[in-house]
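Here are my notes on the chain you sent over. Have it open on your screen as you go through the points.

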Amino acid sequence: VQLQASGGGLVQAGGSLRLSCAASGSIFSINTMNWYRQAPGNERVLVATISSDGYTNYADSVKGRFTISRDNRKKTVYLQMNSLKPEDTAVYYCNADIIPYVDYVNRYYWGQGTLVTVSS
């Protein structure tokens, strides 16, 4: 099982980016999917989460600006980021609670991270 994140880049303050994270491998089901971020010198923090039935939750710092969504058929989670600020600069990681066919035991898997840089 692998998670592949994409969509990061350099954007000016006020701009938008859309991150994607696709799961692949022998997957029975995917439960909660999350986006985390880690700014230089800081700990990794939870940004947004979405349950298997679409319930969402956000960190206060991104509420009203970021939207998490998922396409269960494509096994993909998205993070639409609008009104970006320089303080949103970080490496963004996707994370998912996945049950693989190999043993039907759920585990959390991490993507490789994608860098988002917001210039002022």
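1. How many helices and strands make up the secondary structure of the protein chain? There are 0 helices and 11 strands, so to speak in plain terms, reading along the sequence gives you β-β-β-β-β-β-β-β-β-β-β. Keep in mind that this is a predicted model.

2. On overall dimensions, the C-alpha atoms fill a box of roughly 50 × 25 × 20 Å along the principal axes. The radius of gyration is 14 Å, which agrees with the value near 14 Å that a compact globule of 120 residues would have.

3. Next, burial and surface. Of the 120 residues, 42% count as buried. The accessible surface comes to about 6300 Å², and carbon and sulfur atoms account for 48% of that surface.

4. What about contacts along the chain? If you take contacts between residues at least 6 apart in sequence, 55% of them join residues at least 24 apart.

5. A quick word on charge: the chain carries 11 positive and 8 negative charges. The mean positions of the two sets lie 6 Å apart.

6. Now the inside. Which residues have the most contacts inside the largest nonpolar core? They are Trp-35, Leu-79, Met-81 and Tyr-92, in a core of 31 residues. Strands giving two or more residues to this core include S1 (2–6), S3 (17–24), S4 (27–38) and S5 (45–50). Also on that list are S7 (66–71), S8 (76–81), S9 (90–100) and S11 (114–119). S9 gives the most, with 5 residues.

7. Tyr-92 deserves a click of its own. Leaving aside neighbours within four places in sequence, Tyr-92 is in contact with two of the other core residues named above, Trp-35 and Leu-79, and with Met-81 as well. Its other partners are Leu-19, Tyr-36, Arg-37, Val-47, Phe-66, Gly-113, Thr-114 and Val-116.

8. Two backbone spots to look at, starting with Ser-83. Where is Ser-83 placed? You'll find Ser-83 in the loop between S8 and S9. Its phi is near 50°, a positive value in a residue other than glycine. Is Ser-83 buried, exposed or partly exposed? Ser-83 counts as partly exposed because its relative accessibility is 41%, which falls between the 20% and 50% cut-offs.

9. The other spot is Tyr-104, in the loop between S9 and strand S10 (107–110). Phi of Tyr-104 is near 60°, again a positive value in a residue other than glycine. With a relative accessible area of 48%, Tyr-104 is partly exposed.

Terms used:
Residues numbered from 1 in each chain as written. Predicted model: local features only at pLDDT ≥ 70, side-chain atom pairs only at ≥ 80, totals over all residues. Heavy atoms only, no water. Helix = DSSP H or I, 4+ residues; strand = E, 2+ residues; numbered from the N terminus. Rg over C-alpha atoms; globule rule 2.2 N^0.38 Å. Buried < 20%, exposed > 50% of the residue type's maximum accessible area, 1.4 Å probe, protein only. Contact = heavy atoms within 4.5 Å. Areas by Shrake-Rupley, 256 points an atom, 1.4 Å probe, with all protein chains shown as cover. Lys, Arg positive; Asp, Glu negative; His and termini not counted. Charge placed at Lys NZ, Arg CZ, Asp CG, Glu CD. Core = buried A, V, L, I, M, F, W, Y, C linked by side-chain atoms within 4.5 Å.
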